[in-house]
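Subject: Structure handover

Hello,

Here is the structure I promised to pass on. Please open it and keep it beside you while you read the rest of this email.

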Amino acid sequence: MRYIAGVYADDRADDPSSRHSVRAVARRTEALVNALTRDDPTPDGIARLLREHGEIEPVSVSERDVAELRDAALALRRVFAAEGLDAAVAELNGLLARGPGPLRLTAHGGDSPWHPHLDASDDAPWGEWFLASSCLCLTVLVWDRQRAPGGLCAAPGCGRVFLALGSGVPRRYCSRRCATRERVAAHRRAKAAEAAPRAGRTGRAGPDGVSA
C-alpha cells in the first residue's frame with residue numbers, strides 16, 4: 001500500500017488534502033471514539049471536535065446525531081478492544097457488512113480532493129458517515145500494516161482507545177502519561193513486596209508475646 005503515500009502521509013497544514021489522509025481520518029476516529037464513549041458528549045462539544053479534525057462549515061450536530069455517533073463509536077471501540085489481528089479483522093468485517101455503501105469516490109462538488117466514501121451519499125447522517133469513514137481507514141491500516149490498528153489503554157481506570165501507527169513493540173498505553181503512571185505504580189508495588197518479608201522478619205513476637 002505504500003504506493004498511496006500521498007493519502008497515507010502525515011498531516012500537513014499547508015496541504016488541504018491532508019484532512020482526507022488515512023492517518024488524519026484515523027486520528028479523528030480515535031478522538032471521536034474516546035469523546036463519545038468515555039465523556040458526556042454534547043452537540044457543541046462534538047461539533048467542535050469535528051472542526052478541529054478538519055470538517056468544513058457548516059458543522060451542525062443535534063442530540064440525535066450525538067446518539068447515532070455514539071452508537072457508531074461503541075461499535076468501533078470493539079475493533080480497538082479486540083485481542084489480536086484476527087479478532088480485530090472479524091469485528092471490522094462485521095461492520096463493513098453493515099455498510100450502506102458501495103465504495104465510491106467523491107470530491108463533494110469540488111470542495112475537496114477526491115477521496116473514498118462508503119456511506120450512502122455525501123449528505124449521509126453523521127453517524128453513518130462516521131462509521132463508514134472510520135471502517136474504511138481502519139481497513140486500510142490493517143491492509144497496509146498487517147497488524148491490529150490499535151488497542152485499549154492497559155492503565156487501570158483509563159480504557160481510552162489508541163492507534164498503533166508506529167513500528168516495533170506494540171503499544172499498551174494511550175499516552176506517555178499513562179505509561180509513566182503505570183511504571184511508577186509497578187515500581188512501588190515491587191518495593192512494597194520487597195519490604196514485606198523484611199518487616200515480617202523484624203516483627204516476630206518473643207516468648208512473652210511482645211514483638212522483638
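Below is what turned up, starting with the whole chain and moving on to its salt bridges.

Please keep in mind that this is a predicted model.

**The chain as a whole**

The chain has 212 residues, and 42% of them count as buried. Its secondary structure comes to seven helices and four strands. Follow the sequence and you meet them in the order α-α-α-α-α-β-β-α-β-β-α. The accessible surface is about 12300 Å². Carbon and sulfur atoms hold 54% of that surface. Now take the contacts between residues at least 6 apart in sequence. Of these, 46% join residues at least 24 apart.

**Salt bridges**

How many salt bridges are there? The count comes to seven. Three of them are described here, among them two within helices.

Start in helix α2, which covers residues 22-38. Glu30 forms a salt bridge with Arg27 there, and the closest N and O atoms are 3.7 Å apart. That fits the cut-off of 4 Å. The two residues are three apart in the helix, so about one helical turn separates them. Is Glu30 buried or exposed? Glu30 is buried, with a relative accessible area of 15%. Its partner Arg27 is partly exposed, at 33%.

Next, go to helix α4, residues 63-81. Arg64 and Glu68 form a salt bridge, with 3.2 Å from N to O. They sit four residues apart, about one turn of the helix. Arg64 counts as exposed, at 63% relative accessibility. Glu68 counts as partly exposed, at 28%.

The last pair is Asp119 and Arg104. Their side chains meet in a salt bridge at 2.8 Å, N to O. Where do the two residues lie? Asp119 is in the loop between β2 (115-117) and α6 (126-145), while Arg104 is in strand β1 (residues 104-106). The pair therefore ties together parts that are 15 residues apart in sequence. Asp119 is buried, with a relative accessible area of just 2%. Buried means under 20%, so Arg104, at 22%, counts as partly exposed. This pair also has company. Arg104, Asp119 and Asp122 are joined into one network by salt bridges that share partners.

**Where to look**

Try finding each pair in the model yourself. Begin with Glu30 and Arg27 in helix α2, then move to Arg64 and Glu68 in helix α4. Finish at the network of Arg104, Asp119 and Asp122.

Best wishes

Methods:
Residues are numbered from 1 along each chain as its sequence is written. This is a predicted model: local features need pLDDT of at least 70, side-chain atom pairs count only at pLDDT 80 or more; totals for chains, interfaces and linings use all residues. Side-chain values use heavy atoms; hydrogens and water are left out. Buried means under 20% relative accessible area, exposed over 50%, partly exposed in between (1.4 Å probe, protein chains only). Contact means heavy atoms within 4.5 Å. Accessible areas come from the Shrake-Rupley method with a 1.4 Å probe; for residues, only the protein chains shown count as cover.
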